[in-house]
Amino acid sequence: LNVASHFMEGKLELVGTRPEALLKGEGAVIQWKGERAGAYKDDSGELYVLDTTCTHMGCEVEWNSGEHSWDCPCHGSRFSYDGHVMEGPAKQPLKKIAYSDTNEVRHLPD
Ligand code: FES
């Protein structure tokens, strides 16, 4: 799967794609060990993997590749690539997922 061309086709759902496959500055909704997750790789190559469940009322956020934000389709909350609230009504950041090559995905304590 070529992530770059996949993005150009406007498909953000990268089922089974590992976050390492992302290019620097790219984000995507991925499936990681059966869970929907949001992944972003910053310019230094650091990966951010988030729970895509909006902290307002539980809709699923989508990656906004133009703004580099996670946007909720339900009531307009927006989160930065690392999950911080940019616009409400959500008040809490997206949950981080501790991602690694070898360990099961688990949620970090808040
Ligand atoms: Fe996301 Fe309301 S559920 S803004």
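## Strands that pair

Two strands are said to pair if DSSP finds at least two bridges between them. In this predicted model, strand S7, which covers residues 78–80, is joined to S8 by two bridges, and these strands run antiparallel. One of the positions where they meet is Arg-78, whose bridge partner in S8 is Glu-87.

## The open sheet

S7 and S8 belong to an open sheet of four strands, in which the order is S5-S6-S7-S8 and the pairing is antiparallel. Because S5 (62–64) and S8 (85–87) stand at the edges and each has a single partner strand, one side of each is left without a neighbour in the sheet. When direction is ignored, neighbouring strands of this sheet are turned against each other by 35° on average.

## The hairpin of S3 and S4

Earlier in the chain, strand S3 (residues 35–41) pairs with strand S4 (residues 47–51) in the antiparallel sense, and five bridges link them. Within this pairing, Ala-39 of S3 stands opposite Val-49 in S4. The two strands form a hairpin with five residues between them, and in the turn Gly-45 has a positive phi of about 95°.

## The protein as a whole

The protein contains one helix and ten strands, and reading from the N terminus, the helix is followed by the strands in the run α-β-β-β-β-β-β-β-β-β-β. Of the 110 residues in the protein, 25% are buried. Among the contacts with a separation of 6 or more, 29% are between residues that lie 24 or more positions apart.

Note on methods: Residues numbered from 1 in each chain as written. Predicted model: local features only at pLDDT ≥ 70, side-chain atom pairs only at ≥ 80, totals over all residues. Axes fitted to C-alpha atoms, helices over the stretch in contact; angles between N-to-C directions. Buried ≥ 20, exposed ≤ 12 C-beta atoms within 10 Å, placed from the backbone. Contact = placed C-beta atoms within 7 Å.
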